[in-house]
Amino acid sequence: MGSPRAQMAHHLPEAYTELARLGAVLDGVLDDGLHTLVKLRASVLNGCAFCVDLHTREALEAGTSPQRVALVAAWREAGGHFTEVERAVLAVVDALTRLDGDGLPDEVHDAAAAHLSEREMVALVTAVGLVNLYNRLGIGTGMTPPVR
């Protein structure tokens, strides 16, 4: 966080407070493990090193195996390392993070909706949007993970 751009958060703390408040709402709706997968996968896709580091540590601290954390980057090829619901959620993350002309394809939506309530689906879509915003803020302000 040595970059002058990293100090931008200090100039608009109200925005970051509201983002944290929204994150807390989503935490109350989404399963913790699924929410962590959402944050980690979007961060990997966006190349936000600060967020990948943060969400990797969160996943490991929550008991996710190092192998599963590593395989988030290649979840489609990871075979049985992810459950059906996790795979459906990760497909939603991919579709909404890599927006193209199809947006969220019906088959991707329906696969996730088969496992989640309507409230959880709205929370999932919102969570993907929020982590994408955080990734853009992290990259845009030059945040880097601390060297440990």
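I call a residue buried when it has under 20% relative accessible area. I need that cut-off for my notes on helix H8, and I should jot down that this is a predicted model.

**Whole chain**

I started by going through the secondary structure. I found eight helices and zero strands in the protein chain, so along the sequence the pattern reads α-α-α-α-α-α-α-α. Next I looked up the radius of gyration: it is 15 Å, close to the 15 Å from the globule rule for 148 residues, so the chain is as compact as a globular protein of that length. Along its principal axes, the C-alpha trace spans about 45 × 30 × 30 Å. I also checked burial, and 37% of the 148 residues count as buried.

**Helix H8**

Then I zoomed in on H8, which covers residues 118-140 and has 23 residues. From first C-alpha to last I get 33 Å, close to the 33 Å expected at 1.5 Å a residue. Just after H8 I spotted Gly142, with a positive phi near 75°.

Which residues of H8 are buried? My list is Met121, Ala123, Leu124, Ala127, Val128, Leu130, Val131, Asn132, Asn135 and Gly138. I reminded myself that an α-helix has 3.6 residues a turn, so residues three or four places apart point the same way.

What do the buried residues of H8 pack against? I noted helix H2 (13-27), helix H3 (32-46), helix H4 (49-61), helix H6 (84-97) and helix H7 (106-113).

**Surface and charge**

Last, I looked at the outside. The chain exposes about 8100 Å², with carbon and sulfur atoms supplying 59% of it. I have 12 positive and 19 negative side chains down, and the centres of the two sets lie 8 Å apart.

Definitions and conventions: Residues numbered from 1 in each chain as written. Predicted model: local features only at pLDDT ≥ 70, side-chain atom pairs only at ≥ 80, totals over all residues. Heavy atoms only, no water. Helix = DSSP H or I, 4+ residues; strand = E, 2+ residues; numbered from the N terminus. Expected span 1.5 Å × (residues − 1). Buried < 20%, exposed > 50% of the residue type's maximum accessible area, 1.4 Å probe, protein only. Contact = heavy atoms within 4.5 Å. Rg over C-alpha atoms; globule rule 2.2 N^0.38 Å. Areas by Shrake-Rupley, 256 points an atom, 1.4 Å probe, with all protein chains shown as cover. Lys, Arg positive; Asp, Glu negative; His and termini not counted. Charge placed at Lys NZ, Arg CZ, Asp CG, Glu CD.
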